[in-house]
Every structure is written in structure tokens, then in C-alpha cells.
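Me: I would be grateful for a close look at a single strand of this chain, set out in a connected account. Please begin with the overall make-up, then treat the strand itself, and then place it among the surrounding parts.

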Amino acid sequence: MADQLRIPAEIRTEFGKGAARRARRAGKVPAVLYGHGSDPVHVNLPGHELMLALKNANALLTIGLPTGEQLALSKAVQRDPIKGFLEHVDLLLVRRGEKVQVEVAIVLVGEAAPETLVNQDLNTLTVEAEATHIPDELEVSIEGLQVGDHIAAHAVSLPAGATLITEPDHLVVSISAAPTAEALEAEMAEAEAEAGVEREAPAAEEPAAEENGE
């Protein structure tokens, strides 16, 4: 289930790019809390603690405000495209018992039959679950699956209280025959021909010298 982590927050009184840069230099991340029809609350959050918390998908955060604590889920995270540090975070306010829609990662377990190829069409499923009981991941067993076997979204086991939102017939994983070496070679040759790449002909072997000289 989703972790619940406490993050202290301070109300933001300065806005704009300059204020945001100053906050980040001080090790803080600008963020906004919204939801339940209330006015957005602009805050600064401690960057290190927030970065660690957001490593867990759908982490449930307890935001410590001067007016009290609020539960929240991250909905949008902006990162520096080069250095990767947090630039801004949008947080959705939630309540205990409230149901929310989230994307939950699919994890394949087991091994399909030999000489097969596993094709994973979906990496996540959209589910509705209580904010305090969001699954960390959804395991899908491919143990022993044969060529032609497949698993649709409706066949994925969900924890109690969770409801599937993704289209039930959406393909999650399918099993096909692994390509042979000959098929791979032919496919590569075709791709090279389309790209105008010419392969060099193999060098002809020189005749072996006679044992008693030429």
C-alpha cells in the first residue's frame, strides 16, 4: 500500500521565478495544494524529504501546515530537464476513506515457456482505490504461458476495495514465438536494404599452399 510520509510545509509569501529560485537555493521546492473546492494553498516543501517521498509511486503525504495536517497525493511533478532536481509539485488534497483514481505499475513475475517472446502492452493500470489503501504495484504472473496466450486488464488481480478503470478488454501482455536467428538476419538485411546500406561480400578464401611448395 502507499506509504504515508509527513512533510513539513511553510506558506509561500513570495511568488514568481525569482522567489522560486531563491527557494530552491535554500533546498526547498515550491508546491501547490488544491482540491475539495478549496482555494489553492501555495507552500514550500523541504527538497530532500520530498525527493525521497516521491521515489515511491502514489506516495500518500501528510503535509504539515500551520493550520493543521492535510493528506495529499502528488499529481504533477516538474523536474529540471538536465539535472533532474525538483522544480515544482502539484499536490491533490484527499481524505481518509475517499476514493481516488491513480496509475499503478504492472510487474510481471515468473517465466513464460521456452522460445517465447513476452510482449507487455501496458505498464500501468488505472484503478480507483481508497487514498490510504493504494497498491504499490500489481503483479501479473506469466509463469508457463505458451505462444498465443494473453492476459487482459480484467484478469489482473486487484486488492480488496480497488476497482479497475482501464478498459477491461485492454491487452496487458501477450506471448508470441521468439524469432529465429534466420528471421532476425533476414529482417536486418531488409532494414539495411531499405536504408541503402550495402553489405560487403565475404572475402574469398585463398587456396591452401601445397605441402611441397608452389
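Reply: The chain has three helices and 14 strands, in a model that is predicted. Of its 214 residues, 32% count as buried. Among contacts between residues at least 6 apart in sequence, 62% join residues at least 24 apart.

The strand chosen here is strand 5, which covers residues 60-65. Six of its six residues are buried, so strand 5 is largely enclosed by the rest of the structure. The cover extends to both faces of the strand. On one side stand Leu60, Thr62 and Gly64, and on the other Leu61, Ile63 and Leu65, all of them buried. This division into two sets can be read against a general rule. In a regular strand the side chains alternate between the two faces of the sheet.

Strand 5 has a pairing partner in strand 6, residues 68-79. The two run in the antiparallel sense and are paired over six bridges. A hairpin of two residues makes the connection from strand 5 to strand 6. Leucine 65 has glycine 68 of strand 6 as its bridge partner.

The surroundings of strand 5 can be followed through the nonpolar cores. In soluble globular proteins, nonpolar side chains tend to be buried together. The largest nonpolar core here holds 24 residues, and those touching the most other members are Leu73, Val94, Val100, Val102, Leu125 and Val172. Strands 6, 8, 10, 11 and 14 (171-177) each supply at least two residues of this core. Strand 8 provides the largest share, four residues. A second, separate core comprises 19 residues, including Ala9, Leu33, Ile63 and Leu65. Two of the residues named there, Ile63 and Leu65, stand on one side of strand 5.

Leu60, from the other side of the strand, is in touch with valine 94. Setting aside residues up to four places away in sequence, valine 94 also touches His36, Leu71, Ala72, Leu73, Val100 and Ala131.

Strand 8, residues 99-109, pairs with strand 10, residues 124-130, in the antiparallel sense over seven bridges. Within that pairing, glutamine 101 stands opposite glutamate 128 of strand 10. Both strands belong to an open sheet of four strands with the order 11-8-10-13 and mixed pairing. At the edges of this sheet are strand 11 (137-141) and strand 13 (163-164), each of which pairs on one side only.

Strand 6, the hairpin partner of strand 5, also takes part in the largest pocket. About 240 Å³ of space lies in that pocket. Its lining consists of 13 residues, and nearest its centre lie Ala57, Asn58, Ser74, Lys75 and Val77. Strand 6 gives the most to the lining, with six residues, while strand 6 and strand 8 each supply at least two. By character, the lining divides into seven nonpolar, three polar and three charged residues.

A polar residue in strand 4 (residues 38-46), asparagine 44, adds a further buried position. Its relative accessible area is 11%, so asparagine 44 counts as buried. Beyond its neighbours within four places in sequence, asparagine 44 is in contact with Pro8, Ala9, Glu10, Arg12, Ala23, Lys28, Val29 and Pro30. Of these contacts, Ala9 is also a member of the second core, to which Ile63 and Leu65 belong.

Technical notes:
Residues are numbered from 1 along each chain as its sequence is written. This is a predicted model: local features need pLDDT of at least 70, side-chain atom pairs count only at pLDDT 80 or more; totals for chains, interfaces and linings use all residues. Side-chain values use heavy atoms; hydrogens and water are left out. Buried means under 20% relative accessible area, exposed over 50%, partly exposed in between (1.4 Å probe, protein chains only). Two strands pair if DSSP finds at least two bridges between them. Contact means heavy atoms within 4.5 Å. A nonpolar core is a set of buried Ala, Val, Leu, Ile, Met, Phe, Trp, Tyr and Cys residues joined through side-chain atoms within 4.5 Å. On a 1 Å grid over the protein atoms alone, a cavity is a set of points where a 1.4 Å probe fits but cannot get out, and a pocket is an open set with protein on both sides within 12 Å along at least five of seven lines; lining residues have an atom within 4 Å of a point. Grid points are joined across faces, edges and corners, and a volume is the space filled by probe spheres set on the points. Ala, Val, Leu, Ile, Met, Phe, Trp, Tyr, Cys and Pro count as nonpolar, Asp, Glu, Lys and Arg as charged, and the others, Gly among them, as polar.
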